[in-house]
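Work through the exercises below with the sequence and the 3D structure at hand. Try each task before reading its solution.

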Amino acid sequence: MGAIEKDGYTLYCTALFFSPEGRFMGKHRKVMPTSLERCIWGQGDGSTIPVYDTPIGKLGAAICWENRMPLYRTALYAKGIEIYCAPTADYSLEWQASMIHIAVEGGCFVLSAHQFCKRRDFPEHPDYLFNDIVDEKHPDPTVSGGGSVIISPLGQVLAGPNYESEGLLTADLDLGDIARAKLYFDVVGHYAKPDVFNLTVNEHPKKPVTFVTKVEKSEDDSNK
């Protein structure tokens, strides 16, 4: 589930994870906001790059253009991701090509949920102009074109892409396809070259302020 998270006076683009029982499992904060997003959102760190072992498979996420970051993807692959969630507002054909590549590269199922919205979904206000991306003369122009898709580890499109409207995509996932794909190519296994290439991921939270409290020794402790 996508959310805009507020921490103090800073906003983060965040993916939230819940169990089938509705229990909050954790979150992923987008590590690098895209383009002008950096004027609004803060940057995440390595402490929220989770992959959760769930009854339906190992689940993780990369948000929008994080999916273009090969080292971030490698970190998810190394954690054994099987169901790779890729929420985005990118409705380009190039994005679809990236999703197929990631599915094959990681040997995982890719579920990419794309934003779809019309001009009518936004307030009638001079600050909400979309002349650069839509034809305002159209009676109901599309602002974000969708393209949600589900792709198998073998690069097969199982559902979508849907550019027509809001909708719910479903597909039957054969987890055996993961083993079939990785028999040929395991990017963090038999096809890795750790003697040449190596990735170190810092999972410690990067806090701007750390308090170190002085602990006073008791009189009894000092006499020992």
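**Exercise 1. Overall make-up**

State how many helices and strands the protein has, and what share of its residues count as buried.

Solution. The model is a predicted one. Step one: the protein has 4 helices and 11 strands. Step two: of its 224 residues, 37% count as buried. Step three: the C-alpha atoms fill a box of roughly 85 × 55 × 40 Å along the principal axes. Step four: among contacts with a separation of 6 or more, 54% are between residues 24 or more positions apart.

**Exercise 2. The sheet of three strands**

Give the strand order of the open sheet of 3 strands, and explain why β1 and β3 each have one side without a neighbour in the sheet.

Solution. Step one: the order is β1-β2-β3, and the pairing is antiparallel. Step two: β1 (2-7) and β3 (24-29) each have a single partner strand because they stand at the edges, so one side of each has no neighbour in the sheet. Step three: neighbouring strands of this sheet are turned by 45 degrees against each other on average, direction ignored. Step four: β1 is joined to β2 (residues 10-18) by 6 bridges. In this pair, G2 stands opposite A15 in β2.

**Exercise 3. The two sides of α3**

Find which residues of helix α3 are buried, and decide how they are placed around the axis.

Solution. Step one: α3 covers residues 176-184, and its buried residues are D177, I178 and A181. Step two: these residues lie on the same side of α3, because they cover an arc of only 105 degrees around the axis. Step three: A179 and L183 are exposed, on the face turned away from the buried side. Step four: β7 (109-112) is included in what covers the buried residues of α3.

**Exercise 4. The nonpolar cores**

Name the residues with the most contacts inside the largest nonpolar core, and say which element gives the most to this core.

Solution. Step one: the largest nonpolar core has 18 residues, and L76, Y84, M99 and V110 have the most contacts inside it. Step two: α1 (70-78), α2 (93-106) and β10 (148-151) each supply at least two residues of this core. Step three: α2 gives the most, with 4 residues. Step four: take V110 and leave aside its neighbours within four places in sequence; V110 is then in contact with Y84, M99, I102, A103, V149, I150 and I151. Step five: a second, separate core has 9 residues, including A15, F17, I63 and C64.

**Exercise 5. The hairpin of β10 and β11**

Describe how β10 and β11 are joined, and find what is notable in the phi of G155.

Solution. Step one: β10 and β11 (residues 157-162) run antiparallel and are joined by 3 bridges. Step two: S148 stands opposite N162 in β11. Step three: the hairpin has 5 residues between the strands, and G155 takes a positive phi near 85 degrees.

**Exercise 6. E105**

Decide whether E105 counts as buried or exposed, and list the polar contacts of its side chain with R73 and Y77.

Solution. Step one: E105 lies in helix α2. Step two: its relative accessibility is 16%; buried means under 20%, so E105 counts as buried. Step three: the side chain of E105 makes a polar contact with the side chain of R73 (2.8 Å), and another with the side chain of Y77 (2.6 Å). Step four: leaving aside neighbours within four places in sequence, E105 is in contact with R73, Y77, F185 and V187.

Methods. Residues are numbered from 1 along each chain as its sequence is written. This is a predicted model: local features need pLDDT of at least 70, side-chain atom pairs count only at pLDDT 80 or more; totals for chains, interfaces and linings use all residues. Side-chain values use heavy atoms; hydrogens and water are left out. Two strands pair if DSSP finds at least two bridges between them. Axes are lines fitted to C-alpha atoms, for helices over the stretch in contact, and angles run from 0 to 180 degrees between N-to-C directions. Buried means under 20% relative accessible area, exposed over 50%, partly exposed in between (1.4 Å probe, protein chains only). The arc is that of the directions from the helix axis to the C-beta atoms. Contact means heavy atoms within 4.5 Å. A nonpolar core is a set of buried Ala, Val, Leu, Ile, Met, Phe, Trp, Tyr and Cys residues joined through side-chain atoms within 4.5 Å. A polar contact is a pair of N or O atoms within 3.5 Å; within protein, one must be able to donate a hydrogen and the other to accept it, and residues adjacent in sequence count only if both atoms are side-chain atoms.
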